[in-house]
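Q: Please take a close look at one part of this model and describe how it is placed among its neighbours. I would like a connected account, with the geometry and the contacts kept together, and a few words on the rest of the chain for context.

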Amino acid sequence: MSNISIHLKGVLMKNFLLERVVGRRASWMLLSLHASDSGSVEYKPFTDYVEWLEFTKGYASATVDQYAGHVARFIDFIFEASTLDLKTSEISDLLYMYQDYLLYARDSENPMVVELCERLGKREKTSVNSVSQGIESALGGFITLQIVKSESISHGNVFSKFVTNGFIRSSSQKAAIKDSSWLAGTVRGSLERSFVDKRKAKVFSISRRNRDSNKKKYDNGEAYPLELVENLLMLKPKRKSRCFHRDMAIYSLLAAIGCRTHEALQLRVCDIDFENRKIRLVNPFTRDNPGLTSEEAKVLRWKGRDTEKALPMFPFDDHFWEHLRLYLKDFYRTNVSHDFIFQKSDGRPYFITNRSDRNKQFRSYAKASGFESINLGLHSLRHMYGRYLLNYYPNGKGGYGMPIEYVQRLMGHASITSTKKYAIHDMDLLEAYIETANRLNRGQNITLEEVKNRFIDAQIEELKAMKTGLIEHV
């Protein structure tokens with residue numbers, strides 16, 4: 001353990017200690033509490049997985065932290081399950097148990113799952129969305145890595161109990177994997193059968209069932225209601241608080257330019273032209289970021305956008321400049337080592353804070369402004385921006401809706417497919433069309449046959465106009 005310079009914090013589980021450290025490539029490691037010697041033993045496959053997340057996949061530190069926690073709890077579950085007489089040798093059976101464990105907890109109909117809940121202290125049920133998205137992605141990557149990178153996981157004997165508790169049917173199989181990890185030998189064949197097509201494989205059955213439905217059918221519920229945004233941005237502080245105008249400046253910036261949350265939080269003083277009221281969104285990895293600690297620098301992220309220029313939208317831009325003015329005037333600290341605009345109360349960059357805490361604070365402001373939602377976070381303001389530009393923004397030609405190619409550039413989408421979802425699934429707009437058509441048809445007592453005939457007549461008139469235009473052109 002001498003090669004670990006600093007222990008930051010640990011999460012104690014039944015069989016393992018999840019430890020966050022500084023001084024190593026991987027920011028997390030998993031220590032067995034059942035080591036054969038007097039000290040804890042690092043479970044190397046987990047360390048390899050964290051390194052893979054950080055250096056191969058390049059995930060943001062918040063994502064790495066989340067995925068590390070998911071996988072650590074999964075490993076703890078597997079280890080504890082190995083102590084039960086489960087009468088199975090298939091990892092797929094354990095995955096079904098783990099899905100039950102997460103979704104139903106102590107209400108599961110499987111007595112083994114209930115027993116594991118008691119042993120591991122599992123009381124709260126995990127949401128379907130969490131299981132089929134975040135946890136699915138974390139475990140899918142971990143399991144696939146064990147299959148693909150077998151040479152890196154034959155370290156230690158952490159899962160010896162799993163090996164000797166009924167999951168291996170023959171003594172020759174036990175002998176062959178005596179000094180290997182559980183995934184390196186015992187369940188490799190089962191995993192490979194389950195993950196033949198790694199692009200489509202899913203850990204949980206709930207994820208397989210939801211796979212097609214989750215190929216993003218855009219839900220308006222993901223967007224902050226346009227008509228309520230100004231209520232939020234016009235809130236008055238209950239007391240003099242350094243956080244209030246900072247938070248409102250962030251919210252109004254997200255609403256005004258539709259940027260991603262991390263792009264807003266990583267804004268620096270040098271990115272703002274105060275005199276001309278212009279903003280640049282700059283990739284932090286294309287320039288130096290003086291004044292950050294090594295740990296703060298690790299939190300920086302960039303998903304990518306084609307243009308640095310941001311074009312703020314009225315009236316949200318006015319709210320941004322006013323909240324920013326008040327924040328900088330009364331609360332911004334100049335005696336710090338960095339020039340990031342948004343700061344914590346201690347002066348360090350605000351982007352290092354926990355996303356869930358930021359969203360919790362956002363929902364409390366939303367509730368105070370008259371809108372309550374347990375699901376929406378800061379990203380809902382970006383969704384609102386996209387919906388508004390594509391569907392409602394005056395286009396200067398007497399109509400509404402900005403060309404999709406323009407919105408793609410403004411939102412920094414690499415693919416126009418990402419932008420299309422804001423237009424084609426705007427249910428408010430579709431409902432308005434249907435409601436208007438219904439009102440007209442009811443008022444005129446129009447039959448379905450007449451509707452059809454009017455459509456055909458309109459097409460004929462359009463063709464005649466096209467014919468006339470062609471003749472005139474010739």
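A: In what follows, a helix is a DSSP run of H or I with at least four residues, a strand is a run of E with at least two, and both are numbered from the N terminus. By that rule phenylalanine 79 belongs to helix α2, and α2 is the part chosen here. The model is a predicted one, and it should be read as such throughout.

The chain as a whole sets the scene. It holds 20 helices and 7 strands, and 45% of its 474 residues count as buried. When contacts between residues at least 6 apart in sequence are considered, 61% of them join residues at least 24 apart.

Helix α2 covers residues 61–81. Its 21 residues reach 30 Å from the first C-alpha to the last, which is close to the 30 Å expected at 1.5 Å a residue. Of those 21 residues, 16 are buried, so α2 is largely enclosed by the rest of the structure. Phenylalanine 79 illustrates this enclosure: its relative accessible area is 1%, and because buried means under 20%, phenylalanine 79 counts as buried. Its C-alpha atom is separated by 7.3 Å from that of asparagine 15, although the two residues are 64 apart along the chain.

Two packed helices are described by the angle between their axes and the distance between the axes. Helix α1, residues 44–56, packs with α2 at an angle of about 155°, and the two axes are 10 Å apart. Angles over 145 degrees count as roughly antiparallel, and α1 is therefore roughly antiparallel to α2. The crossing in which α1 passes α2 is right-handed. On the α1 side the contact is made by Phe46, Tyr49, Val50, Leu53 and Glu54, while α2 contributes Val64, Tyr67, Ala68, Val71, Ala72 and Ile75. Sorted by class, the residues of this contact are 10 nonpolar, no polar and 1 charged.

Helix α2 also packs with helix α4, residues 111–120, here at an angle of about 115° and with the axes 11 Å apart. Since angles of 65 to 115 degrees count as roughly perpendicular, α2 and α4 are roughly perpendicular to each other. Again the crossing, now that of α2 past α4, is right-handed. The residues that meet are Asp76, Phe77, Glu80 and Ala81 of α2 and Leu116, Arg119 and Leu120 of α4. The classes in this contact are 4 nonpolar, no polar and 3 charged residues.

The loop that leads towards α4 deserves a remark of its own. Alanine 105 sits in the loop between α3, residues 91–104, and α4. Although alanine 105 is not a glycine, its phi is positive, at about 50°. Its relative accessibility is 0%, so alanine 105 counts as buried.

For context, a few other parts of the chain can be set beside this one. The axes of α11 and helix α15, residues 355–368, come within 12 Å and cross at roughly 90°, and α11 and α15 are therefore roughly perpendicular to each other. In this pair, Cys243, Phe244, Asp247, Met248 and Tyr251 of α11 meet Gln361, Phe362 and Tyr365 of α15, a contact with 6 nonpolar, 1 polar and 1 charged residues.

Helix α14, residues 316–330, has 15 residues and spans 22 Å from its first C-alpha to its last, close to the 21 Å expected at 1.5 Å a residue. Its buried residues are Phe316, Asp317, His319, Phe320, Trp321, His323, Leu324 and Tyr327, and what covers them includes α10, α11, β5, β6 and α16. Proline 315 lies in the loop between β7 and α14, and the peptide bond from phenylalanine 314 to proline 315 is cis, with omega near 5°.

The loop between β5 and β6 holds arginine 277, which has a positive phi of about 55° although it is not a glycine. With a relative accessible area of 37%, arginine 277 is partly exposed.

Conventions. Residues numbered from 1 in each chain as written. Predicted model: local features only at pLDDT ≥ 70, side-chain atom pairs only at ≥ 80, totals over all residues. Heavy atoms only, no water. Axes fitted to C-alpha atoms, helices over the stretch in contact; angles between N-to-C directions. Parallel < 35°, antiparallel > 145°, perpendicular 65-115°, else oblique. Left-handed = near helix turned anticlockwise from the far one by under 90°. Contact = heavy atoms within 4.5 Å. Nonpolar A, V, L, I, M, F, W, Y, C, P; charged D, E, K, R; others polar. Expected span 1.5 Å × (residues − 1). Buried < 20%, exposed > 50% of the residue type's maximum accessible area, 1.4 Å probe, protein only.
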